[in-house]
Amino acid sequence: MTPFAIAGIQMHVAALNSNVEAMRHRIDVVMARFPWTQMVLFSELAPYGPLDQFAQPFPNDVLTQFQEDARRYGIWLIPGSMFEKRPDGKIYNTAVVINPQGEIVTKYSKMFPFRPYEAGISAGTDFCIFDVPDVGRFGLSICYDIWFPETTRQLTSQGVEVLLNPVLTGTTDRDAELAIARATAAQFQCYVFAVNGLAAGGVGKSIVVDPSAMVLHQSGGQEDMFPIEIDLDVVRRQRETGLKGLGQVLKSFRDREADFPIYDRTSGADAYLQTLGPLATPGQGSRAGVEVTDPRTALGANKLAAAAVPMFKGKTGTD
């Protein structure tokens with residue numbers, strides 16, 4: 001048996017002020033209540049909420065505080081993610097992994113920002129894999145990334161046994177994500193920890209799934225701390241013998257005879273995808289066969305400009 005205890009923290013997240021002290025308080029609480037916890041995972045954008053106006057360079061003073069917490073309690077810590085502003089001015093949705101010595105061992109920038117709603121956020125291109133000595137291999141993705149099985153395919157093909165997926169979903173598609181979390185666990189024979197926030201941080205419903213798609217824990221719509229002890233030998237056994245002694249999906253993919261031309265962007269296999277139109281926010285009446293009238297044309301540019309009112313530019317639908 002290779003046990004390892006991971007605590008997810010589902011908490012209220014404010015959009016207009018820092019949540020850092022509230023996060024640090026919850027670390028204190030979870031370690032006081034469940035001192036056997038070895039890793040703590042928060043939700044996406046937990047420290048400062050969903051507005052990129054709070055983007056800042058990495059490293060920074062906030063990360064230093066979280067490093068102190070990890071070192072004090074001897075835990076692995078993933079304090080959600082934050083908007084990272086890089087020297088070239090680009091903004092990324094980035095999470096760090098802090099080890100029990102208080103060192104940032106790796107970081108990860110979200111590959112699939114929730115476009116078109118998460119506008120202005122650049123996409124990362126590097127995968128995040130790290131090893132917990134004498135335990136196993138972990139991978140990190142952020143929220144919408146899990147909708148693209150290619151991300152988990154890459155991680156598990158390199159031996160990842162636990163997928164950590166901090167989430168900020170405040171929209172009606174959370175139930176779909178719960179199904180995706182279970183399917184991901186079964187398809188890739190791994191544990192999945194998908195931790196959502198509350199208020200400006202999401203609608204909750206965090207979930208932990210084992211490699212057979214069994215739900216080990218699902219939160220409701222209230223604050224929750226859920227330490228779950230997992231057994232990495234379960235992953236290894238299932239990958240050897242199959243899900244409940246049945247499908248050996250990773251080995252079947254390894255031994256496949258088919259290639260997938262869709263992944264060659266020059267193959268033309270994605271011709272249908274090219275007909276779907278731009279990645280843009282839908283407007284009223286924007287359905288197949290319906291022409292959407294541009295209000296600037298209908299009203300006249302001058303009249304529309306005169307009628308314009310300031311609009312809130314925050315991302316209320318960040319996923």
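## Overall picture

A residue counts as buried when its relative accessible area is under 20%. By that cut-off, 48% of the 319 residues of the chain are buried. The model is predicted. The chain holds eight helices and 16 strands.

Contacts also link distant parts of the sequence. Take the contacts in the chain with a separation of 6 or more. Of these, 69% come from residues 24 or more positions apart.

## The six-stranded sheet

Six strands make up an open sheet. Their order is E8-E9-E10-E11-E14-E15, and the pairing is mixed. Strand E8 (128-132) and strand E15 (215-218) stand at the edges. Each has a single partner strand, so one side of each has no neighbour in the sheet. From one strand to the next, the twist averages 15 degrees.

Now look inside this sheet. Strand E9 (residues 136-140) and strand E10 (residues 162-166) run parallel. Three bridges join them. Phe138 has Val162 in E10 as its bridge partner.

## The three-stranded sheet

Another open sheet has three strands, in the order E2-E12-E13. Its pairing is mixed. Here the edges are strand E2 (12-13) and strand E13 (202-203). Each pairs with a single strand, so one side of each is left without a neighbour in the sheet.

Strand E12 (residues 198-199) runs antiparallel to E13, and two bridges join the pair. Opposite Leu198 stands Val203 in E13.

## A hairpin

Strand E5 (residues 82-85) and strand E6 (residues 91-98) run antiparallel. Four bridges join them. One bridge partner pair is Lys85 with Ile91 in E6.

E5 and E6 form a hairpin, with five residues between them. The turn includes Gly89, which has a positive phi of about 90 degrees.

## Two helices side by side

Helix H1 (residues 20-33) packs with helix H2 (residues 61-73). Their axes are 11 Å apart, and the angle is about 5 degrees. Angles under 35 degrees count as roughly parallel, and H1 and H2 are therefore roughly parallel to each other.

Which residues in H1 meet H2? They are Val20, Glu21, Met23, Arg24, Ile27, Asp28 and Met31. On the H2 side are Val62, Gln65, Phe66, Glu68, Asp69, Arg72 and Tyr73. By class, the contact of H1 with H2 has seven nonpolar, one polar and six charged residues.

## Thr151 in helix H3

Thr151 sits in helix H3 (residues 149-157). Is Thr151 buried or exposed? Its relative accessible area is 4%, so Thr151 is buried.

The side chain of Thr151 reaches the backbone oxygen of Asp145 at 3.0 Å. Set aside residues up to four places away in sequence. Thr151 then touches Met111, Phe112, Phe127 and Asp145.

## Gly49 in a loop

Gly49 lies in the loop between strand E3 (39-41) and H2. With 3% relative accessibility, Gly49 counts as buried.

What does Gly49 contact, leaving aside its neighbours within four places in sequence? The contacts are Val13, Ala14, Asn19 and Phe83. Val13 belongs to edge strand E2 (12-13) of the three-stranded sheet. Phe83 belongs to strand E5 (residues 82-85) of the hairpin. Gly49 and Ala200 are 151 residues apart along the chain, yet their C-alpha atoms are separated by 6.6 Å.

Key:
Residues numbered from 1 in each chain as written. Predicted model: local features only at pLDDT ≥ 70, side-chain atom pairs only at ≥ 80, totals over all residues. Heavy atoms only, no water. Pairing = 2+ DSSP bridges. Axes fitted to C-alpha atoms, helices over the stretch in contact; angles between N-to-C directions. Parallel < 35°, antiparallel > 145°, perpendicular 65-115°, else oblique. Contact = heavy atoms within 4.5 Å. Nonpolar A, V, L, I, M, F, W, Y, C, P; charged D, E, K, R; others polar. Buried < 20%, exposed > 50% of the residue type's maximum accessible area, 1.4 Å probe, protein only. Polar contact = N/O pair within 3.5 Å; in protein donor to acceptor, adjacent residues only side chain to side chain.
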